[in-house]
Each structure stands twice: as structure tokens, then as C-alpha cells.
Amino acid sequence: MRGLARAAKRAGEMAFNAGGGAVNWFPGHMAAASRAIRDRLKLADLVIEVRDARIPLSSANEDLQPVLAAKRRILALNKKDLANPNIMNMWLHHFESCKQDCISINAHSSSSVGQLLGLVEFKLKEAISKEPTLLVMVVGVPNVGKSALINSIHRIATSRFQVQDKNKRATVGPLPGVTQDIAGYKIASQPSIYVLDTPGVLVPSIPDMETGLKLALTGAVKDSVVGEERIAKYLLSLLNIRKTPLHWERLLHRREELDEESCNSNGKNYSDTPRRRRRLNNSDTLYVQDMVMEAQRTLCSTFMDFTGNTEDEGDLERLIDTQLVDLRKVFRIPHKPFDETHGPASKKLLTLFRSGKLGPFILDDLPDDQ
């Protein structure tokens, strides 16, 4: 695990970040929301802090941690479907050892959110006997899935408790910070339980380049602030330093063996088997399954043909540039004379990573005591 930590740190310090500075994204409405959150935290009986399961530490709001630690709190590591399950179990054990209630969830799964609600009810059991009205607050940095969680809670609560008043759903969008106002939702009666959805507030400045790039890679910071090519190069540096392409090479080889065995058992010629017909963004000429496998093959071949040293920053940057050039062909991006930028290829690569098509990842490393 320490090797991965050093790898991430090296990737964050590479030359393509030179001059980029600290990531800083703090819209005016978030400053106002931050003050409102502090006011409402004083009234909250329990806080659900939503974090991205791929970055359990980097997606914490450090500015609010002292306040949150003093409350009944549940850490909800959302997007668990995008995180490595084996490493996720180690993170859950870590938080448990720190006496911190924690659960990994998929905010779009009713069963997963139902488990979270069960934990909320258990933690509030003592307070329920004392208070007629209870307040549960949901907080977190942008784009960790707070609004999706609120919507799932609202659906479950409406069916479970048959709440009569028609409450509006939280606004969900693909861009960080889309939920602009603090809004409350009554999810139960006798006692009355309200869940407040709050816009995530990222600390005003992130002096740690590594943390900033992780937040950008997972979508907590808008791509336009950091730059898609810069984020994609950070992703490729992580993959190469961690030797992920070698892992893909084994998986691809095994997948082809299984496909060939399946075709042979059915009396078909493997080379004649049609590819799956699923498109990416409805505009690509390559299908998703083919595109993912071809992208992985390309990164594998460039990595295995690489004769330099990934420990050398200059060599690693040359490898990354080669990979981005080769990915243009995979993504069918037309070559433009005198255009040395990798924007379109970077955008496609980030889409595959963020949708989980490249596999499950956890970018943060467990603390030294693990």
C-alpha cells in the first residue's frame, strides 16, 4: 500500500502539472451554503457524510471535520460499484477501528440505501425516545451523489411510511455543485424525521496537488478548471506507475480464452463472432465493449513495448504522450495537422474511467497503521 501512495504522490508532482497551481473551485453560492450548513449542523441529530468510495479520504471536507466529529455521524462511501471491493473492505475495517460508523453504498440501489436507513434508525434509536422531531443532515463535497441519495431516501420513505404531502425531489445533475439550495424533505412521521439535502462544500483551496487531481479525476471539480488533458495524464501516470496494464493483459487473455471456449462448444468460429452492439454516447462508431477492450489492449501494448523507466519522469511522460496518440486511433478521432493536443482522447478516456468501464479503482491509500 505504501508503494501506491508514493505512486500517487509522484503522479501529482509530474511536470505536466507545472504551473497548474492548487486546484481552487469555490463558487459564491457554496460559500453561502457553507455558512448555512454550520447553522443547521447545530440542530442536526445525525449527519450522513457522503464520500466517494474511490477516494474515501480525499473526498472529505476537511473544513467541516471538527464539527462533524462532534455529531452522531455515518460515513456513506457512495459509488461502491466503481470501487475495488477487496480494498473497500479494508477501508471499512479502517473506519471501524477508528470507532467511526461507515457503510459503502450505491445511491441508486434501493436495497443499498435501505441498509443505510436501517443504520440511521439504529443510531437514532436513543434520540427517538426523547425528541418528537429529528433532523438528519446529508453533507459532502460536490458530485459524490448526495442528491441521488436524497432521491432514493425519498422514494423509500414514501413507500415505507406513506407520507402524504408531496415533497419535491432534489435536483440531480452530472456537474459538481448542481444542487444550489438547502432543502428539507420529510421522510417519516411519529416521530417526524426530516432529511436536509445540502450542496457539497469543497474547501476554498486545495494546496495538495495530489488531492486536487483525485477530486478532479472523480468529478468533484469541474474539468474546465483543471483541464481534461491534465486530468487524463494524471490518470495514465497512475495506471502506468501501478502497472495496471499488466493486470489488464492477464484479464484480456483470459477473457479471449473463455470466449473461444464458448464459441468452440457451440460449434462456432471464434473469429466470426459478432461484437456487442452498444454505443458510447450514441455518437461513436465503436461499441462500448469493443472500445474498452481495445483501449486496454492499446495501453497494455504501449506499456509492454516501453523500454524506458517509469521511475524516470521524462520517460514516463513520453510513454503517456505515446498512449494518448494511440488512443486517438482507438476512439476514431481524426488527426489534425499541427494539433499536438489530446483533448478529445482525454475526454473519452475520462468517460470510460468515470463510468467504471476500465474497472473498479480506489485511488486513496490506507493510512500507515493498516
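I began with the surface: the accessible surface of the protein chain comes to about 18300 Å², and 50% of that area belongs to carbon and sulfur atoms. I note at the outset that this is a predicted model, and I read every entry below with that in mind.

**Overall layout.** I looked up the secondary structure next and found that the protein chain comes to 14 helices and 6 strands. Of its 370 residues, 50% count as buried. For the contacts in the chain with a separation of 6 or more, I noted that residues 24 or more positions apart account for 73%.

**Helix 14.** I then turned to helix 14, which runs over residues 343-354, and checked its length against expectation. At 1.5 Å a residue its 12 residues should span 16 Å, and the end C-alpha atoms are indeed 16 Å apart, so the two values agree. I listed its buried residues as Ala 345, Ser 346, Lys 348, Leu 349, Leu 350, Leu 352 and Phe 353; I marked Lys 348 in that list, as a lysine counted among the buried residues. Looking for what covers these buried residues, I found that the cover includes helix 8 (209-217), helix 10 (228-241), helix 12 and helix 13 (313-330). Just after helix 14, Gly 356 takes a positive phi of about 85°.

**Arg 354.** I stayed with helix 14 to examine Arg 354, which is found in it. With a relative accessible area of 23%, Arg 354 is partly exposed, because that value lies above the 20% under which a residue counts as buried. Leaving aside neighbours within four places in sequence, I found Arg 354 in contact with Arg 54, Leu 82, Ala 216, Leu 217, Thr 218, Gly 219, Asp 223 and Ile 231. Two of these partners I followed further. The C-alpha atoms of Arg 354 and Thr 218 are separated by 6.5 Å, although the two residues are 136 residues apart along the chain, and the side chain of Arg 354 makes a polar contact of 2.7 Å with the side chain of Asp 223.

**Aromatic pairs.** A search of the whole structure gave me 2 aromatic pairs. In the pair of Phe 353 and Phe 361, the ring centres are 5.6 Å apart and the planes stand at 45°, so I recorded the pair as tilted. Both of these phenylalanines, Phe 353 and Phe 361, are buried.

**Thr 298.** I looked up Thr 298 in helix 12 (residues 288-305) and found it buried, with a relative accessible area of 9%. Neighbours within four places in sequence aside, Thr 298 is in contact with Asp 326, Leu 327 and Val 330.

**Cysteines.** My count of disulfides came to 0. I also looked at two cysteines individually: Cys 98 counts as partly exposed at 43% relative accessibility, whereas Cys 102, with a relative accessible area of 19%, is buried, because the cut-off is under 20%.

**Positive phi outside glycine.** Finally I checked two residues other than glycine whose phi is positive. Asn 143, with phi near 65°, is found in the loop between strand 4 (133-139) and helix 7 (146-161), and is partly exposed at a relative accessible area of 21%. Arg 332, with phi near 55°, has its place in the loop between helix 13 and helix 14; its relative accessible area is 51%, so I entered Arg 332 as exposed.

Technical notes: Residues numbered from 1 in each chain as written. Predicted model: local features only at pLDDT ≥ 70, side-chain atom pairs only at ≥ 80, totals over all residues. Heavy atoms only, no water. Helix = DSSP H or I, 4+ residues; strand = E, 2+ residues; numbered from the N terminus. Buried < 20%, exposed > 50% of the residue type's maximum accessible area, 1.4 Å probe, protein only. Contact = heavy atoms within 4.5 Å. Phe/Tyr/Trp six-rings, centres within 6.5 Å; stacked < 30°, edge-to-face > 60°. Expected span 1.5 Å × (residues − 1). Polar contact = N/O pair within 3.5 Å; in protein donor to acceptor, adjacent residues only side chain to side chain. Areas by Shrake-Rupley, 256 points an atom, 1.4 Å probe, with all protein chains shown as cover. Disulfide = S-S within 2.5 Å.
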